[in-house]
Amino acid sequence: MRRRIQLLAVGLTTLVVLAFAVPIAFLIHSVVGQHATQAAMSQAHDIALSLRNSSYTGANIAAYVSSQASTSGRPVSITLPDGRTVGYTPSDAFRRQPPPNGSGEGELPHQDGPGPGDTPAELHDVGSGQLATAVAPTPSGTYFVRVYVADATRYDGANGWYLLLLVGSAGLLLVGTAAGELLTRRITRPLVRTAETAKQLSVGDTAARAPTDGPREVADVGKALNLLADRIDELIAEERETVADLSHRLRTPLTTLRLDAEALRDRGESERVAAHVNELERTLTAVIRAARRPQREGRMPASDATQIVRDRVLFWSALTDEQGRFSSVDLPAGPLPVRAAGEDLAAAVDALLENVVAHTPEGTAFSVRLVPTEHGACLEIADSGPGIPNESEIRGRSDRGSSGLGLDIARRCAEAAGGSMSITKAPSGGALVTLRLNSP
C-alpha cells in the first residue's frame, strides 16, 4: 500500500509538472524566436540610422559591417549606392535586392518593423531563415542593409531557458516525491502498528494496543481494535474467575467426602479413599492457581528458560543417575527469557524427561540442549531409545500404557508461547523432541 501511494503521488506530480512545463517550453521557443528576429530588425534599423546620420568611406563601412557581424553573431551586409556589397549574406537571402529609389518595395512579402523615423526595418522569410532589411537614403545615395537570421541559430538562446525549466521541473518532482513520502508515512505508519497489534492479540498478548493517531479513518480502526482487546480482557478475566469459583465450590463436598472416608470402619479402605481425596484436592488447588495465575504474572507470562530447565534436569538427575543413564546437558550461561509461565514450562520439561525415563530401557543415554534463537529459544531433548511412534502427539493416545498426555502438555506449552513442537528422529536413532518458544 505504501508503495502504491508513493507511485500515485509521483504520478500526479509528474502530470502537473508536464501540464505546466510543456506549454512553457513552447512559449520559450516562440519568445526566443521572436526575440531573435526583433533583434535582427533592430540591428538593421540602427545600421541604417547610423549610415544616414554619419559619413562613412568604403574602408570605414567595411570595418563597421565586420564589427556589427562580430558583435551580434549574425551575417550583415550593406549594398552601397554604387552597387557594391560589403559584408556577407547567404546566397538564398541575397536575392532580396535593394528597392528602386529607396521605396522599400520588393518582390517578397514583408512585415513592418518597429523602427522609428523614416528608416523602418522590414522582415522577410527567405530560404532557411529570415532577413531583416532597412534602407538608408543619404545625400550620396541609398544604402541597403541586410541582417540575416538562420533558422538553425534563431533558437540558440532557448537552451538556457530549457535547462532552467528542466531543473525547476525536477525540483517540483522531488518536492512532490518528498510530500508523497510524508503523506505515505502518515497514513501507513499507524496501519502497520495496528496490524502488529492485531498479530500480538492473535498470539495471546491482550496487553497490546493499537495507535489512535494519524488520519481519522485509521484512528477509528485503532480505537475499534482497542475496544475489542478490552472486551477480550474482560471475557478472559470473567472466564478465569468463573473456573476458580467453581473449583472453590467443590471444596465443600470434598470436605464432606473426606469426613466420610475417615468414618469408614475398614482402615485400609479409609486410607485408600483418603488418598484419592487428597489427590483430588491437589488437582482442585492446581486448577484454582492456574485460573488466577495471569493475575499474578500479568497478561503476558514470562520465565527464564535456562533456570527452569536446569532445575528440572537436576530434579530428575537422582533417578537418571540411579538408572545409569548418561546425560548431556547444554544450557546458555545467562538467562534466556521466553513467553511461557514458569509452571507450564516446568510441566512440559517434566513430561518430556518422564517420557525418556518411562519409555526407554535403563542405561539409555539422553541429551538436553537449550539454545537462543532469533525469536526466542529452542529446547531439544533427545534419547538413544527406540523412538516415538507416529500419532503420539494426539492427546490421550499412547501405545505404552500411559495417559498419552505428556507430549500434549509440552505441545500446548510451546503453542501458548507462540512457538511449536516437533518430533523427529535423533542422530542416535531415538526420539528428538524440539520445543520452539518465542521471547516475551
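1. The largest cavity in this predicted model has a volume of about 110 Å³, and a search of the whole structure finds 1 cavity of 30 Å³ or more. Its lining is made up of 13 residues, and those lying nearest the centre of the cavity are Asn355, Val356, Asp383, Ile388 and Ala431. By residue class, the lining of the largest cavity divides into 7 nonpolar, 4 polar and 2 charged residues.

2. As to where that lining comes from, at least two residues are supplied by each of helix 10, strand 11 and strand 13, and helix 10 gives the most, with 4 residues. These elements also meet in the packing of the sheet, where helix 10 (residues 342-359) lies across strand 10, strand 11 (376-383) and strand 13 (431-438), running at about 20 degrees to strand 11.

3. The sheet itself is open and has 5 strands in the order 8-10-11-13-12, with mixed pairing. Strand 8 (327-330) and strand 12 (420-425) stand at the edges and have a single partner strand each, so one side of each is left without a neighbour in the sheet. From one strand to the next, the twist averages 10 degrees.

4. At one of these edges, strand 8 and strand 10 (residues 366-372) run parallel and are joined by 4 bridges; in this pairing, Ser327 stands opposite Phe366 in strand 10. Helix 11 (residues 406-416) also packs on the sheet, where it touches strand 12 and strand 13, and its direction makes about 130 degrees with that of strand 12.

5. The second largest pocket, which is to be kept apart from the cavity described above, has a volume of about 180 Å³. The elements that give two or more residues to its lining are helix 1 (2-53) and helix 4 (151-154), with the largest share, 4 residues, coming from helix 1. The lining residues include Val32, His35, Ala36 and Ala39, together with Ser72, Gly73, Arg74, Arg154 and Asp156. Taken by class, the lining of the second largest pocket has 4 nonpolar, 5 polar and 3 charged residues.

6. A last point concerns Leu257, which lies in helix 7 (residues 251-262). Is Leu257 buried or exposed? With a relative accessible area of 38%, Leu257 falls between the two and is partly exposed, because buried means under 20% and exposed means over 50%. The C-alpha atoms of Leu257 and Ala274 are separated by 8.5 Å, these residues being 17 residues apart along the chain.

Notes: Residues are numbered from 1 along each chain as its sequence is written. This is a predicted model: local features need pLDDT of at least 70, side-chain atom pairs count only at pLDDT 80 or more; totals for chains, interfaces and linings use all residues. Side-chain values use heavy atoms; hydrogens and water are left out. On a 1 Å grid over the protein atoms alone, a cavity is a set of points where a 1.4 Å probe fits but cannot get out, and a pocket is an open set with protein on both sides within 12 Å along at least five of seven lines; lining residues have an atom within 4 Å of a point. Grid points are joined across faces, edges and corners, and a volume is the space filled by probe spheres set on the points. Ala, Val, Leu, Ile, Met, Phe, Trp, Tyr, Cys and Pro count as nonpolar, Asp, Glu, Lys and Arg as charged, and the others, Gly among them, as polar. Two strands pair if DSSP finds at least two bridges between them. Axes are lines fitted to C-alpha atoms, for helices over the stretch in contact, and angles run from 0 to 180 degrees between N-to-C directions. Contact means heavy atoms within 4.5 Å. Buried means under 20% relative accessible area, exposed over 50%, partly exposed in between (1.4 Å probe, protein chains only).
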